[in-house]
Amino acid sequence: ARTWDLQGNVLQVFKGHENGISSVSFSPDGKIILTGSYDNTARTWDLKGNVLQVFKGHESIVFSVAFSPDGNDILTGSYDNTARTWDLHGNFLQVFKGHVSTISSTAFSPNGESILTGSWDKTSRLWDIKETLKEFQSANAYQELSVAQKVKYGILEFNDVLKLDNEKAIYEASEFYYGEINSVGKSKKTEYINNAINLYNILVIKYKNARYNTRKDSLKLIQKE
């Protein structure tokens, strides 16, 4: 990547990526440059061309990069169909899964509380940002998080929960979705209701525990409202 003055003179060359660069962004204060690359990484640089941080985790090309409005986090969109948020130290914060093709464009909302993605699947999506890294770390070490916390922080997606072969784990996840239905937006509320009903069905049918029918029936009443 290169910076230039308005007369066409090269100010600085940024070397380090192992393949082509697909996207660039300045930090809000103009002191840091962010690049995304076909080498599956993103990188931050100071204005003198020194690498500050390498962001590794995507399984394919990083097509789009963006800074949060406060400059403390970055957002990457990839050919692996996911977007990810990171802090400036390279710590992965959250993965956004749902697109069925490459994410080609990404942006933070002006208040930094949600992100927008555009994809080759011909859709754009608006996503809530769940938690900051500090909040995640204060909840506990990764291995010690409960199933409900892993769902909350985006470590376990709904499809991952469906694969669990443990009554207690499925119950924890179902209770999480049940407990959150009144604190999320309309579209998420419908999703959470459906998720909880499906999990309670598993608990009733697979684990032959009829007491979960009460929860399921109450959700079906909410569904009709």
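Reader: How many aromatic pairs does the structure hold, and what makes two rings a pair?

Author: This predicted model holds 15 aromatic pairs. Rings of Phe, Tyr and Trp (its six-membered ring) pair if their centres lie within 6.5 Å; planes under 30 degrees apart count as stacked, over 60 as edge-to-face and the rest as tilted. The model is predicted, with pLDDT of at least 70 needed for local features and 80 or more for side-chain atom pairs, while totals for chains, interfaces and linings use all residues. Residues are numbered from 1 along each chain as its sequence is written, and side-chain values use heavy atoms, leaving out hydrogens and water.

Reader: Why is the pair of Phe63 and Tyr79 called tilted?

Author: The centres are 6.2 Å apart with 45° between the planes; that angle is neither under 30 nor over 60 degrees, so the pair is tilted.

Reader: Why is Phe63 called buried?

Author: Its relative accessible area is 16%, and buried means under 20% (exposed is over 50%, partly exposed in between; 1.4 Å probe, protein chains only), so Phe63 is buried. Tyr79, at 41%, falls in between and is therefore partly exposed.

Reader: What makes Tyr200 and Tyr212 a stacked pair?

Author: Their centres are 6.3 Å apart and their planes at 25°, which is under 30 degrees, so the pair is stacked. Both Tyr200 and Tyr212 are buried.

Reader: How do you know that the charged end of Arg215 sits over the ring of Tyr178?

Author: The test requires NZ of Lys or CZ of Arg within 6 Å of the ring centre and within 35 degrees of the ring normal. The charged end of Arg215 sits over that ring, 4.0 Å from its centre. Likewise, Arg84 has its charged end over the ring of Phe92, 4.9 Å from the centre.
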